[in-house]
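Trainee: I would like to go through this model with you. Can we take it one question at a time?
Mentor: Yes. Have it open in front of you.

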Amino acid sequence: MHLVFSNPSIVNRFILYILISVLLSGTLYAQSAKNDGVKDIAPEVYEYYKQCEKNKRLPKIIKMADTLYQMAESEGDKRTMCAALCFKPQYYLINDVTDSAEKYVEYCKRMSRELDQPKYYYFIWSRQVQEFFINHHYANALEQLRLMQEEAAKENSQEGIKECYRALSQSYLEQRNYELALEYNNKLIKYIEDNNIDDFNHQGNYIRQIDIFLNLKRYNEIPALIAKSRKITLRDPQKLALLSAEINYYTSIRQFATVESKIAELNSAIEEKDAKI
């Protein structure tokens, strides 16, 4: 993929928004390829995981997820086993195959408990809520969100509370209710940082904030967010998403020379990412 805009003034904000959303949604791993900082992920397992990430929207991910699970199981890598389990429900949620999605979400949640990986229990539940909102299943989304909030509060689960805030922010953003999206994204960022929670998608929370401020036309607050986001270690998908957000920002304030520079930087980052695969 190579992006070329002959006239930066007509960069399509919707296209950039979709790029940001696709790059940020459902990412399961930190770039360091560490298993919760305890054990290195076997290189061949991590490489295959990246292939799964690349193909997570395609039917082939169903078999690929099984292969990744078996590879991780042979290494005793419980975190990657859970990451593998998440690919099937994500695929069915994205493609709005309701019965299969519900079946695999519940299976993934159960196995996350058995493997003592609560991060994935609430991660996949949050994804279910977000995809219900995206696919206009509002009653289902609100019911699952209510259940997730109740369970997280009952368990006093930081992972659960965090994912509730994330689901609310992303869901309101999808509905273009930017004020409520901002309210819950602020709560999410504050909760993570006040409690020193290890959130491997935290940079994405700042990038979401940039997108919200763009839609609210609060341009003067965006440079500080860009600076904060750059202080967090950039994973490939979030590096591309941040550059896309920067292109959108500089287009909005009509700094077209900077737009051209950022487009060149984005193209280089895409080529670098493709070369790794």
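Trainee: The charged end of Arg113 sits over a ring; which residue's ring is that?
Mentor: Keep in mind that this is a predicted model. A charge counts as over a ring when the Arg CZ is within 6 Å of the ring centre and within 35 degrees of the ring normal. The charged end of Arg113 lies 3.7 Å from the centre, and the ring is that of Tyr121.

Trainee: Over which ring does the charged end of Lys109 sit?
Mentor: Look for the end of the Lys109 side chain. The charge is 3.5 Å from the ring centre, and the ring belongs to Trp125.

Trainee: How many helices and strands does the protein have?
Mentor: The protein has 277 residues, and 52% of them are buried. Its exposed surface is about 13,000 Å², with 51% supplied by carbon and sulfur atoms. The secondary structure comes to two strands and 13 helices.

Trainee: What share of the contacts with a separation of 6 or more joins residues 24 or more positions apart?
Mentor: Count a contact when heavy atoms come within 4.5 Å. Among contacts with a separation of 6 or more, the share from residues 24 or more positions apart is 64%.

Trainee: How far apart are the end C-alpha atoms of helix H3?
Mentor: H3 covers residues 61-74, which is 14 residues. At 1.5 Å a residue, the helix should span 20 Å. The model agrees with that, since the end C-alpha atoms are separated by 20 Å.

Trainee: What arc around the axis do the buried residues of H3 cover?
Mentor: The buried residues are Ile61, Ile62, Met64, Ala65, Leu68, Tyr69 and Ala72. They lie on the same side of H3, because their arc around the axis is only 160°.

Trainee: Which residues are exposed on the other side of H3, and which helices does the buried side pack against?
Mentor: The exposed residues on the other side are Lys63, Gln70 and Ser74. The buried residues of H3 pack against three partners, namely H2 (43-54), H4 (78-94) and H5 (98-114).

Trainee: Which residue with a positive phi follows H3?
Mentor: Its phi is near 70°. The residue is Gly76.

Trainee: In which loop is Asp116 placed?
Mentor: Asp116 is not a glycine, yet its phi is positive, about 55°. Asp116 is exposed, with a relative accessible area of 60%. Its loop runs between H5 and helix H6 (118-134).

Trainee: And where is Asn156 found?
Mentor: Asn156 is not a glycine, but has a positive phi of about 50°. Its relative accessible area is 62%, so Asn156 is exposed. Asn156 is in the loop between helix H7 (138-155) and helix H8 (158-174).

Trainee: Is the pair of Tyr46 and Tyr49 stacked or edge-to-face?
Mentor: These residues are three apart in helix H2, about one helical turn. Both are buried. Their ring centres are 5.9 Å apart and their planes meet at 15°; under 30 degrees counts as stacked, so the pair is stacked.

Trainee: What is the angle between the planes of Phe133 and Tyr138?
Mentor: Phe133 is buried at 8% relative accessible area, while Tyr138 is partly exposed at 35%. The rings are 6.1 Å centre to centre. The pair is tilted, and the angle is 50°.

Trainee: Which residue is linked by ring pairs with Tyr46 and Tyr49 into a cluster?
Mentor: The count of aromatic pairs comes to eleven. Ring pairs join Tyr46 and Tyr49 in a cluster with Phe87.

Note on methods: Residues numbered from 1 in each chain as written. Predicted model: local features only at pLDDT ≥ 70, side-chain atom pairs only at ≥ 80, totals over all residues. Heavy atoms only, no water. Helix = DSSP H or I, 4+ residues; strand = E, 2+ residues; numbered from the N terminus. Buried < 20%, exposed > 50% of the residue type's maximum accessible area, 1.4 Å probe, protein only. Areas by Shrake-Rupley, 256 points an atom, 1.4 Å probe, with all protein chains shown as cover. Expected span 1.5 Å × (residues − 1). Arc of directions from axis to C-beta. Phe/Tyr/Trp six-rings, centres within 6.5 Å; stacked < 30°, edge-to-face > 60°.
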